[in-house]
Every structure is written in structure tokens, then in C-alpha cells.
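Trainee: Could we take a close look at a single part of this protein together? I would like to go through it slowly.

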Amino acid sequence: MKPGAGVTSSELGMHTLTEGRGLLFGGDYNPEQWPEEVWAEDARLMRAAGVNLVTVGVFSWARLEPEPGRRDFGWLDRVLDLMAEHGIAVDLATPTASPPPWLGHRWPETLPVDEGGHRLWYGSRNQFCPSSPVYRERALEIVTALADRYAGHPALALWHVGNELGEVCHCDVSAAAFRAWLRERYGDLGTLNEAWGTTFWSQGYGDWAEVVPPRRAPYLINPSQRLDWWRFCSDALLDHFRAERDVLRARTPGTPVTTNFMGLFKRVDYWSVAAEEDVVANDWYPEPGDPLAPARTALTHDLMRGLAGGRPWLLMEQSTSAVNWRPHNLPKPPGQFRLESLQALARGADGLCYFQWRASRFGAERFHAAMVPHAGADTRLHAAVRAHGQELRKLADLAGEPVPARVAMVFGWESWWALEERGRPSDRLNAVDQLLSYYVPFFERGVSVDVVPPAADLSAYALVVAPNLFLVSDEDAAGLTAYVRGGGVLVVGPFSGVVDPRAQVRTGRFPAPLREVLGASGEEWLPAPEDPPVRCRWTGGPENGAEDGAEFAARTWTELLTAEGAEVVAEFAGGDLDGRPAVTRHRASAGVAWYVATMPEPAALGALAGRVLADAGVSGLIPGLPEGVEAVRRGEVLFLLNHGGATVRVPIPHAAEDLLTGSPAEGHVTLAPRAVAALRP
């Protein structure tokens, strides 16, 4: 993947951290929660476990500044000195995600307000208004003090801005900032009124002071207003990130800066944030009881690699076992956290870290698993942590290696926001579920996928899949069209090309901006009952994915479609749409464009994936990959990961050495449940 729209191009990056250290291994370290006599034991255990990076200070503002202007850095000095003595690098956090009680007590206007007008108080975390000038001033003061004090410290390797950005505030300060953002975007009220379609429901604005955030209202909120609110809230957090980053860069120009993402998190457009940071980092907690967790996790890791422009990224947080914040927190069986950690490594992570180093005795996360559990270091879990840290040394040469992919999936936050507003034909079609459903067949075939923004340069890919592009700009639609005409294969999922960037419906037959390249168009969106399911049948013979006339089930969604030069690959079977196109394929100049007007069952999506991969000339890494086994190549190393519950034999394409065991392999490898092979030719 080339650095493009929405991906970082900084000269600093993961290579800055891994040079001289190899792969990174560690976790969040909260020494302020423990007596100082525990710190020395922590450092000794970290060394024994192969830990070489710890995140420090994420929630330490009240400890660092117990009252306004009075700072206490002594304890942090000793922590960083201790880490340096033991050869452990520090990812030093700015503590601005959780302001101390004195900020909200003295300046309650810094506290966030929800859409119903209720102020949210301290006693938890994330209690700040991103637009508050008082919060910004106090936050930058503590950030500046940290940067001035620790610039040049031998332990400092990475800056960690805030924590899991996502705060939203509907207060009057935010309203004023929203109006300023809108003025910059639209210039005048006439343009704003036109963009928002305010002639609907008598919403026309005659004075900027009348414009407010989407607050609790009697009925549905204007979707165009809501879309701009999503954009503003994301930009407000990005603006604060930039402010902290600029302070840090000015004082420590050679130290990379990051913040931690949360996978497919809706509130923040990560394409915009990734472009402003040096290292892409993510917090990811697969649910042990989720049968789709391996694919969901792989998709998330591929997204992080995409956000990093194809370069390595950092798994900032994961869990050794059960978390504490789900209603019923299943533990991970032995070997599971190692499997998940190596999955991230296989998909481009150069750092594998956990929340947290030592389990907390008190506070809201007392029952969250850690690298050192409540029972101490002499435990099965910590022994597994030590073993994993040591084995990562065998894979040190993977640092910096790419994950090649010839398939891309298009995903954009603005389309996600616009799609899931209330008042649409069905709330059962959502962006992330669509993305995952199309991703799974490629995952099951061992086909690597890059996740890219709608404006990406697609020229390096043989196949591009857009599971849903409800909102698409004219420019991005033109880019997709040019990609097909230049020889690419494109797949577009249902309810795409519906609205423009103002969230206004494109009139005429849909998907209007892609109609010509798809060779098909529709006139009605027709949500379907779940029971009985929609029936479809393949047409045109086995080359279309199944025998001619073979039926498959679909759900939730149908469209009244007409082929306009496209071949009908599948049609609806029965009901009002009997015989009408469900899946089409259109040759456009040198390429091929597919359109899917429904939500096929997994087996049918699998058959479709096989056909479009054949169109694109792309094949999986292992033909006949056993169920439950993931195959992904990083550099020259082929990773095979068994997520299933049975021991399997996996054919391999050439003789290799398993870097994890040191054993030779030829013809096949045998993988027990939760086992991993890392095969180098």
C-alpha cells in the first residue's frame, strides 16, 4: 500500500522504536497504584519476561498536579530512571484523558454535556469538553511541563497523547465552536441552509446564533446537520490531538507521537487522525465467545495497517484473559492470548502490548486481567507471558516487514455516519456488519486484504471491494470508475452511491455516480422480511459461482434493479422480484464491475468471492485451507494459525523452517487448537 489520503507519511514511525530493540513487548504500567517497593520487583519481572516497552502515566494527572499549578514529578522521575536502568523503553502518556477533580470542581464548564443537556461529572474518566478553552489551556500546561522535564531522558521512546479519543460534548461552548466550524466550511448561512436542506420542517436559519448541536428533540434530527456534527466532533478531537502533538514535537523532535485507536470506533474518523501521527496504535479486545472473533480481529488489524499506509503498527492494548467491562466476561483458554498476539504480528504489528502489567487492587478495573495477575508471578498465566516474551525474540527479523495484499476493501467514516442515521429504509443494514460479511470469505481463503479510504490510490490492487458506500463524493466515484476502466475488478455492495457529501439523496436511478461503470441501475430500495428469507438463484452456469439455477438465501435487503449492459449473475427467485437481477457483472473497458443488490448468506458470499477473485487473477495462500485456519504472509514468513477446536493437517507450498519451534516442515504441518506455525522457506 502506498501512503495516500488519510495515512501517515511521517519520517518517524515504528522503525524508530524497533531499531536496536526488535519487536516490542510490554503493556500499560501504572506504578502510581503501588508502593515504591513493588517497583523494583516489577522491573525485575519485566526483564525476565522480555518486556522492552511500557506505557506510563495515562491516568496520572491528579498525581502529577494535585492542585492547580503545583506539580509533583519526583515519583515519575524515579519510575523513568528505573526503566532506563533495566533497558525498558517508555511510552510516556500525556495524562489529559482524565482530568483531576479540581478541574471540574473549579471550572465546571470544562465538564461535558450530553445531548439532553445533562452535565457529566468527575468520578470516572474522559470528563472533559474537547472545545473548552480552559481544558485546552490546562492540558497544554501539563503537557508542556512533561515535555520540558523528560526531553532527552534515556527511557523516553514514544509519546502517547491522551487515551482512546472519543469524547463528545453538546454544551454552549461546543455550540459556539460548532458554529465557527460551520462558518469555515460554508461561509454563509445561505450556503449552510442549502446544504442542510432546511426548507424541510421549517428549519431555516436566519442568524448564526440559532444554530446549535443536535440536541434531544421531539423527533428525528436533520440528517445533514447530524453528519456535520459527526465531522465537527471528530475534528475537535483531532484539533486537540494536534495541539498536544505540536507541543511534544517542538521539544522532542526525534520522538514519535501516537494515540491509541479502538478498532472500528464510530465517533472519530481515524483516517484523519492517522495522517497526523507518527505511529498507528490500537487497543483491541476480542470477545472469547464470538465465533467471528478471528475474522473480526484480522479485519481490525488490516485496518490498522491501512491507517499506517501499509507500514508496521503497534498493538497498544490487548488482554491476557478476561476483561471486566462486558456483562459476562469469559476467560481466555491457555494459548489464546499467544494466538491473538501472533495474529497481530502476522498482520503487520511490530509491537504487542497489553493492558496492563499488574492487575489493579482497586478502582473500576480491579477484575481486568493483566500480565501479572492478583495471584502474582508464580502463576500459569504469568509463565505464559514470560514464554511469549521470550519467543518473540525468535521473530525479531520480522520487524519492518510488509504484508503484501492484492485486494483492497474501501471503508470511510463519513459514509458510516451518514448510513446509520435514523429515518432510513432499514436499520438492519449497517456499515461494519457489511464490511465484515464481505471480508470473511477472503479471510477463510487466506487472501490478504488492505483496508483503504474512498480516496485511496487503487492502482496497486487487482480487486477492490466496497461493501457499502452509502455516501460517495463525485471525485471518489470517478476514482472507482477510472480504476475499473484501467483494468481493475470492483465489487459494490447494496445501498451504495445513495447520497452526496451533504447527505442529500442523489436523484434519478441509483447508484447514480456509479451507474455507468456498473452497467445496472435501480429504482426502488426494498427491505425484506427476515422470515422467510429472500431466495435467489445463480444464472449462467458454474462459472458464476454455482450450477445454473442453484438457489441461495439472502436477507434483509433487496432492490428493484435493471441490467443496462451488465450480465445477470444471480436473480431473485419468487415474489414480486422474481427474475429480476440480484447480482450483476459488467465489463467496462479493461476491467469488470460487480453489483450486489441484496445481502447474500455466507455460503453465497463465499461463492461470489471465488468468482471475483478469479476475475482478478488472485488466489489464496493455501488451496483448500482447513476450516478455522488462518493463513497470512508477512515478508517471506507464512503464518498459519489454528483458531479451530480440532487438530488439523495443513498443506504447505514448499519446505520451510518453523521459526517458533526451529523444526523443519515439508509437505504439511500439523496444528493443534490455538497452535501457530511461522514458516520461513
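Trainee: Which residue forms a salt bridge with Glu276, the closest N and O atoms being 2.7 Å apart?

Mentor: Happy to help! One thing before we begin: this is a predicted model, where local features need pLDDT of at least 70, side-chain atom pairs count only at pLDDT 80 or more, and totals for chains, interfaces and linings use all residues. Residues are numbered from 1 along each chain as its sequence is written, and side-chain values use heavy atoms, with hydrogens and water left out.

Now to your pair. The partner of Glu276 is Arg245, and their closest N and O atoms are 2.7 Å apart. Arg245 sits in helix H9, while Glu276 is in the loop between H10 and E7, so this contact ties together parts that are 31 residues apart in sequence. Helices (H or I, at least four residues) and strands (E, at least two) are DSSP runs, numbered from the N terminus. A salt bridge here is a side-chain nitrogen of Lys or Arg within 4 Å of a carboxyl oxygen of Asp or Glu. In general, side chains of opposite charge can pair when their charged atoms come close.

Arg245 counts as buried, at 7% relative accessibility. The word buried means under 20% relative accessible area, exposed means over 50%, and partly exposed is in between (1.4 Å probe, protein chains only).

Glu276 also meets the side chain of Arg242 in a salt bridge, at 3.4 Å from N to O. Here Glu276, in the loop between helix H10 (270-274) and strand E7 (281-283), is joined to Arg242 in helix H9, so the pair ties together parts that are 34 residues apart in sequence. Arg242 is partly exposed, with a relative accessible area of 28%.

Helix H9 covers residues 223-251, and we can follow another residue, Cys233, to a neighbouring topic. Cys233 is buried, with a relative accessible area of 7%. Its sulfur is 8.8 Å from the closest cysteine sulfur, in Cys169, which is too far for a bond. A disulfide is counted when a pair of cysteine sulfur atoms lies within 2.5 Å, and a search of the whole structure finds zero of them. Cys169 is in no disulfide either, since its nearest cysteine sulfur, that of Cys171, is 3.4 Å away. Cys169 is buried too, with a relative accessible area of 4%.

To put your pair in context, the count comes to 42 salt bridges. Among the residues linked in a network of salt bridges are Asp302, Arg305, Arg347, Asp450 and Glu630.
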